[in-house]
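Let's take a walk through this fold together, from one pair of residues outward to the packing of the whole chain. Have the structure open and ready to rotate.

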Amino acid sequence: MSATYWPSEKSAKYHFYIVDPVSVEETPNFTLRQFKVSDMMSSCPSLIKLFQLRKWPDRGKPQSYKAILDLIGQVHIARNNDETKGPVVVHCGSGSGRTGVFCALSIVVERMRAAGVVDLLQTVRQLREQRHQMVETLEEYAFCYEAALQYLSSFDHITA
C-alpha cells in the first residue's frame, strides 16, 4: 500500500499552500479526488484532480485492460474539459514502470484517435529519452500492446 500524501477530510497547509478536499468519487477501477489548492501569496485557487488507479501491483500489470483504458479516457476527458489547461502529472512508486505504461498507452490512444496510427515501439523509445526505464518489463510492454488491441477492438464501426 502506498503512502497517502493528501488531506482526506479537512484542510491542510503545506508551506504557502492550503489544500482543501472537495470530493471523492469511487468508480469500479479508480478513485477520483478533487482538491482546491490555494496559494497564500497570490490567493488564486486551483482545482486539482487526482486519479488513483487501484489494484495495480508494484511489479506486473493492472488486473484488466478495461481499467487502464477507462482511466486514460477519464483523464483525457478531464483534461479537455479543464479551462485552465494545467499540466497532467503521472507518477508511481519508481516513476518509470507503471508511469511509463500509463504514458505510453495515453499517447498511443490519442494518436489512434487523431491519426489512426499505432507505433508503440517509437512511443516507448521517445519516453525513454525523457526517463530511463519507462515501461520497465517485458510484461508491461506486452500489456501495452494488448491494451492497444483491446482499445482498437472497442470500435464497433470498424467492419471487415
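Look for Phe30 in this predicted model: its bridge partner in strand E4 is Leu53. That pair belongs to a longer run, as nine bridges join strand E3, residues 30-39, to E4, and the two strands run antiparallel.

Now zoom out to the sheet. Strands pair through backbone hydrogen bonds, in either a parallel or an antiparallel way. Here four strands line up as E1-E2-E3-E4 in an open sheet with antiparallel pairing. At the edges sit E1 (12-14) and E4 (45-53), each of which pairs on one side only. From one strand to the next, the twist averages 30°. Helix H1, residues 65-81, packs on this sheet, where it touches E3 and E4, and its direction makes about 170° with that of E4.

What holds the interior of the model, in terms of nonpolar residues? The largest nonpolar core has 29 residues, and Ile68, Val101 and Leu105 touch the most other members. At least two residues each come from E3, H1, H2 (97-115), H3 (120-130) and H4 (138-153), with H2 giving the largest share, eight residues. Both domain 1 (1-54) and domain 2 (56-159) contribute residues, so this core lies between them.

Val101 is a good place to pause. Beyond its neighbours within four places in sequence, Val101 is in contact with Trp56, Ile68, Val135, Glu140, Phe143 and Cys144. Finally, look for a second, separate core of five residues, which includes Trp6, Phe35, Val37 and Leu50.

Note on methods:
Residues are numbered from 1 along each chain as its sequence is written. This is a predicted model: local features need pLDDT of at least 70, side-chain atom pairs count only at pLDDT 80 or more; totals for chains, interfaces and linings use all residues. Side-chain values use heavy atoms; hydrogens and water are left out. Two strands pair if DSSP finds at least two bridges between them. Axes are lines fitted to C-alpha atoms, for helices over the stretch in contact, and angles run from 0 to 180 degrees between N-to-C directions. Contact means heavy atoms within 4.5 Å. A nonpolar core is a set of buried Ala, Val, Leu, Ile, Met, Phe, Trp, Tyr and Cys residues joined through side-chain atoms within 4.5 Å. Buried means under 20% relative accessible area, exposed over 50%, partly exposed in between (1.4 Å probe, protein chains only). Domain bounds come from an automatic or database domain assignment.
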